[in-house]
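Hi everyone, thanks for making time. I'd like to talk about charged side chains today, so let me put the structure up.

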Amino acid sequence: MKPAEEEVLQKGYDGELMRRLLAYVAPYKLQVAAGVTLLICASALVTVGPWLTQLAIDGAIPEGDTDLLALLALGYLGAAVGAFALEYAQGLLTTWLGQSVMYDMRREVFKKLQNLDLKYYDKTPVGRLMTRITSDVETLNELLSSGLVTVFGDLFTLFFIFGFMLVMDWKLALVTFAVLPFVGYAVFLFRARIRDAYRDIRKRVSALNSFLHERFTGMRIVQLFNREHAEQARHAELDGDYLAAHLRSIRYYALFFPVIEVFTATALALVIWSGGARVLEGTLTVGIIAAFLQYARRFFRPIQDLSEKYNLLQGAMASSERIFALLDEEAEIVDPEDPVELPAETRGEIEFRNVSFAYGKRDDEWDWVLRDVSFHVRAGEKVAIVGHTGAGKTTIINLLMRFYDVQEGQILLDGVCIRELRLDQLRQRVGLVLQDVFLFSESIEYNLRLGSSEIGPDVVRAAAERVGASPFIERLENGYDQALGERGISLSVGERQLISFARALVFDPPILVLDEATSSVDSEIEEKIERATDEVMKGRTSIVIAHRLSTVVNADRILVMHRGALREQGTHAELLEAGGLYARLHELQFAPAV
């Protein structure tokens with residue numbers, strides 16, 4: 001299967017994509033109508049100047065009528081000023097229109113990204129998504145701001161000039177238009193070349209964005225393993241491809257515009273040659289030739305503009321195809337049509353009933369991560385889950401939070417299948433503390449309550465105190481208002497863990513889940529967390545996933561996972577006495593060093 005960046009639009013124009021794009025413009029139809037009206041008026045004024053020139057040369061100057069000459073000169077100036085004012089107003093209006101539409105689209109794309117399943121992010125690079133919501137949306141903005149509406153201006157300008165030239169002298173008009181077939185062929189060649197070049201640019205910039213996002217995020221690894229020179233070489237290669245694609249498009253433009261200028265000069269030469277001969281014959285006036293010279297130059301300018309607009313259209317079609325493909329992504333994990341409402345006081349009883357799950361298929365068969373797993377966690381019980389890496393421990397938590405849906409079996413909360421619950425109702429009842437802590441770059445207080453206006457500062461501080469985070473927070477320069485670096489880089493690993501733990505407590509969930517929450521902290525901080533959790537877990541259902549068995553010896557029950565199956569369960573003492581998998585894990589961890 002091709003990567004998404006290589007899937008290019010085969011047609012220069014796609015009516016269905018354009019209809020969907022115009023749907024975003026529909027709420028602003030009055031502004032569009034006003035913009036088109038301004039363009040029509042400006043296009044009409046553009047044609048006035050050459051006509052006034054013809055009147056001055058053929059009428060006012062030969063007759064020595066200075067008053068008429070002054071009036072024509074003022075009319076020429078007024079038409080130019082009027083065209084400037086109309087184009088200025090139209091420019092402001094269409095730019096506002098483009099920005100407003102892009103504001104709406106960016107919000108819709110971000111909302112969509114917020115609601116897509118986690119497995120979509122598993123297969124889609126973040127850099128590619130950043131390209132969608134920034135570069136691709138901006139391309140559509142360029143089309144709407146300086147392309148879609150202004151096309152009408154170019155078309156009306158051509159229409160008015162064409163009409164004035166035919167009315168003035170249709171024979172000379174036909175001579176002027178003799179170069180149009182050659183212009184059309186040049187535009188056709190340019191259009192095909194620039195379309196391919198633009199597609200290549202979009203593909204290269206997306207690849208470059210993905211590379212940069214990964215390397216900046218993983219800068220510690222790059223520096224740790226001395227990969228700076230290798231990554232610079234890879235960046236130079238990608239950047240070189242991007243540069244080459246841009247230079248290719250620039251070469252086409254550098255060739256196209258001089259070609260059009262040559263055809264414009266040819267048309268002017270034909271006007272001078274044919275018109276001059278007729279002036280000598282006495283069948284044409286000098287004023288008409290002067291007007292035609294101005295009209296001819298103005299006639300070919302919109303043709304150049306329309307070629308550029310076609311390039312914008314090409315980019316917009318490719319960008320809109322990618323954006324709408326994202327918007328068309330269907331989330332599989334959604335709220336049920338007729339959800340069951342849990343009571344405000346959740347007991348916190350959890351049951352896995354014959355659950356089997358796979359993240360994907362291998363050779364058209366499910367690659368099972370969990371196989372027929374069944375267990376029951378009573379309300380208020382503290383249950384630990386242990387096992388080797390890859391045994392399926394974290395997957396159990398992902399399924400409980402309904403980040404993924406099971407292929408077989410059921411998961412129940414207080415006797416209700418979680419598929420029958422609203423996602424927000426399910427997830428607000430579970431506090432999750434992960435091993436890999438994610439913190440936003442905003443203040444500590446924001447990270448603790450995640451911007452919720454329903455949580456006051458007293459609740460935030462109380463949670464921080466209960467987990468032992470308040471001492472180091474209060475030592476910071478700005479305390480709870482201290483802004484963190486990206487992903488909380490200004491804090492130590494242990495401090496980030498404490499912040500994450502306090503964040504879970506701030507929302508006061510009836511169920512608390514710790515996924516390797518103390519695996520990256522030192523003994524002192526781990527002791528602080530354990531003292532806090534002993535008190536916090538009273539009256540709550542708690543699930544603790546851990547590699548270090550020392551952290552789960554006091555659990556009410558321990559579940560032992562092995563290769564996706566639940567192999568043993570019992571208390572610490574019972575499992576040691578049984579001499580099974582748990583006993584061997586315990587022996588491996590606590591065996592004396594030789």
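I'll go through a few salt bridges and the places they connect.

First, a word of context: what we have here is a predicted model. Searching the whole structure turns up 24 salt bridges, and I'll pick out some of them.

Let's start with Asp-200 and Arg-204. These two form a salt bridge, with 3.2 Å between the closest N and O atoms. Why are they placed to meet? Both sit in helix α9, which covers residues 180-217, and because they are 4 residues apart, about one helical turn separates them. As for their surroundings, Asp-200 is buried at 13% relative accessible area, while Arg-204 is partly exposed at 27%.

Now stay with Arg-204, which also forms a salt bridge with Asp-241; here the closest N and O atoms are 3.9 Å apart. This pair links distant parts of the chain, since Arg-204 is in helix α9 and Asp-241 is in helix α11, residues 228-281, 37 residues apart. Asp-241 is partly exposed, with a relative accessible area of 28%.

Which residues does the network join? Asp-200, Arg-204, Asp-241 and Arg-248 are linked in a network of salt bridges.

My last example is Arg-297 with Glu-261, a salt bridge whose closest N and O atoms are 3.7 Å apart. Arg-297 belongs to helix α12, residues 286-327, and Glu-261 to helix α11, so this pair ties together parts 36 residues apart in sequence. Arg-297 is partly exposed at 38% relative accessibility, and Glu-261 is also partly exposed, at 38%.

That's my tour; happy to chat about any of these pairs.

Definitions and conventions
Residues are numbered from 1 along each chain as its sequence is written. This is a predicted model: local features need pLDDT of at least 70, side-chain atom pairs count only at pLDDT 80 or more; totals for chains, interfaces and linings use all residues. Side-chain values use heavy atoms; hydrogens and water are left out. A salt bridge is a side-chain nitrogen of Lys or Arg within 4 Å of a carboxyl oxygen of Asp or Glu. Helices (H or I, at least four residues) and strands (E, at least two) are DSSP runs, numbered from the N terminus. Buried means under 20% relative accessible area, exposed over 50%, partly exposed in between (1.4 Å probe, protein chains only).
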